[in-house]
Amino acid sequence: MAIKTGLIGSPLKSSLSPRLFNIFSGLLGEKFNYTLKEAGPPELGKAIEEIKKSGWRGFNVTLPLKERVFPFLEKAHKAAAGIAAVNAVLIRGGRLEGFNTDARALEYSLKENKARVGGGTCVIWGAGGAARAAAWTLAAGGAGEIHIYNRSYAKARALAAYFSKLFPRVRFKAGKFFSPVPEKAAVFVNATPLGMYAPLPKALKVPDLKTGLYCDFAYAPGGTPFLTGRPGKTITGLDLLIYQALASAALWTGRRLTAREIVKLKEKAKRLLCLDI
Ligand SMILES: NC(=O)c1ccc[n+]([C@@H]2O[C@H](COP(=O)([O-])OP(=O)(O)OC[C@H]3O[C@@H](n4cnc5c(N)ncnc54)[C@H](OP(=O)(O)O)[C@@H]3O)[C@@H](O)[C@H]2O)c1
C-alpha cells in the first residue's frame, strides 16, 4: 500500500517534492502518495486534523509553518528543537514528532565531500531557517568559528548570540552583509535566496577559498551564481533538497540506509530530477 504523505505550507506551486517522491517510489521500492496541501498559519490546525484522519505517515513542512508547527508536536528531536524549525513530521500512533532534515541533508553532504569542519572556520550568508540549520550542523560537527553575515545585521547578531549559548565551545561572530568573509574558511554556505529568487549583487564578493567547500541552499536549473566557477568542491541546493527528502523518506518508511546507499540514491535521484526540470 502506498505511503500517504505530502507537504504543507504556502505557496507550494513551485515545489519539486512531488516529482522527487515519485522518483523515490521507483528507487526505494515503496510507493509514496505525496500531496501538496496549501495552508498558512490560520489553517494549520485544521490541515493537521485532516492529515491525521486521512492516515498520512507524516509530512514535510515549509514556509511559513516551520516554527508554527511546534505547538502541534508531541516531541521535537534535538536538532529541530535547537534549530527552532521543523521541516519533517513523523506520525506515530496519532502523535506528531518533529525533525529537521535540512540539517541532516547538510550533514550527509559534508560527509560525502569529506569536509574538514572540525576546529575550522565556517561562514554562513543568511539568518533564516536554512542558516539556522547550517549553524546547528556546523557547530555540532565541531566547527571552531562560525561567521554569520546577514542583510539584516540585527538578525545575524541575534543568531550568533543564540547559538553561542547552545554551543559555548564554538566562537560565533556576526557580520554585515557586504563585508569581506575570511578566505581561510573551510565551509562557506549561502543560506539566502540569492541566485534563486533574487540575483546575486555584483558588489557581493565570493572569495576564492584556498581549500574550502562551497554550499548553496539556493538552486536553479543550470546552476547558481554562488557556485559557478568556484575552485574546489561544491554542494548544490539540489543535493541538499534531495538529501532532505531522502531523510524524510527514511523516517516514514523506517528504512536504515547506509552512508554509501544514501549517496548512491541521491546521485540517481539527481540525474532523474535534472531530466525532469
Ligand atoms: N536546497 C534546499 O533543500 C533548501 C532548504 C531550505 C531552504 N532552501 C532555500 O534557501 C533559501 C533560504 O531559505 P530560508 O528557509 O532560510 O528562508 P528564510 O527563513 O525566509 O530566510 C531568508 C534569509 O535570506 C535573506 N534574504 C532574503 N532575500 C534577500 C536578498 N534579496 N538579499 C540578501 N539577503 C536576502 C534574509 O535576510 P533578512 O533577514 O535580512 O531578511 C534571511 O536571512 C531559500 O531560497 C530557500 O528556498 C533550500
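**Two domains and an open parallel sheet**

In this predicted model, the centres of domain 1 and domain 2, taken over C-alpha atoms, are separated by 25 Å.

Biologist: How many residues does each of domain 1 and domain 2 give to the contact?

Modeller: Domain 1 is made of residues 3–103 together with 241–276, whereas domain 2 covers 114–232. Where these two domains touch, the contact takes 14 residues from domain 1 and ten residues from domain 2.

Biologist: Which strands stand at the edges of the sheet?

Modeller: The sheet is open and is formed by six strands with parallel pairing, in the order 9-8-7-10-11-12. An edge strand has a single partner, so one of its sides is left without a neighbour in the sheet, and this applies to strand 9 (171–176) and strand 12 (234–235).

Biologist: What angle does the direction of helix 6 make with that of strand 9?

Modeller: Helix 6, residues 153–166, packs on the sheet and touches both strand 8 (145–150) and strand 9. Its direction, compared with that of strand 9, makes an angle of about 180 degrees.

Biologist: Which residue of strand 10 is the bridge partner of I124?

Modeller: Strand 7 (residues 121–125) and strand 10 (residues 187–190) run parallel and are joined by four bridges. Within this pairing, the partner of I124 in strand 10 is V189.

Biologist: Is Q244 buried or exposed?

Modeller: Q244 lies in helix 7, residues 237–253, and, leaving aside neighbours within four places in sequence, it is in contact with N60, N87, T101, D102 and A105. Its relative accessibility is 8%, and because the cut-off for burial is under 20%, Q244 counts as buried.

Biologist: Which residue offers a side-chain oxygen to the backbone nitrogen of D102 at the start of helix 4?

Modeller: Helix 4 (residues 101–112) has end C-alpha atoms 16 Å apart, in agreement with the 16 Å that its twelve residues should span at 1.5 Å a residue. D102 is among the buried residues of this helix, which also include T101 and A105. At the start of the helix, the side-chain oxygen that reaches to within 3.1 Å of the backbone nitrogen of D102 belongs to N100.

Biologist: How many of the twelve residues of helix 5 are buried?

Modeller: Helix 5 (residues 129–140) reaches 16 Å from its first C-alpha to its last, close to the 16 Å expected, and just after it G142 takes a positive phi of about 95 degrees. Its buried residues include R132, W136 and L138. The helix is largely enclosed by the rest of the structure, because the number of its residues that are buried is nine.

How values were computed:
Residues are numbered from 1 along each chain as its sequence is written. This is a predicted model: local features need pLDDT of at least 70, side-chain atom pairs count only at pLDDT 80 or more; totals for chains, interfaces and linings use all residues. Side-chain values use heavy atoms; hydrogens and water are left out. Two strands pair if DSSP finds at least two bridges between them. Helices (H or I, at least four residues) and strands (E, at least two) are DSSP runs, numbered from the N terminus. Contact means heavy atoms within 4.5 Å. Axes are lines fitted to C-alpha atoms, for helices over the stretch in contact, and angles run from 0 to 180 degrees between N-to-C directions. The expected span of a helix is 1.5 Å times one less than its number of residues. Buried means under 20% relative accessible area, exposed over 50%, partly exposed in between (1.4 Å probe, protein chains only). A polar contact is a pair of N or O atoms within 3.5 Å; within protein, one must be able to donate a hydrogen and the other to accept it, and residues adjacent in sequence count only if both atoms are side-chain atoms. Domain bounds come from an automatic or database domain assignment.
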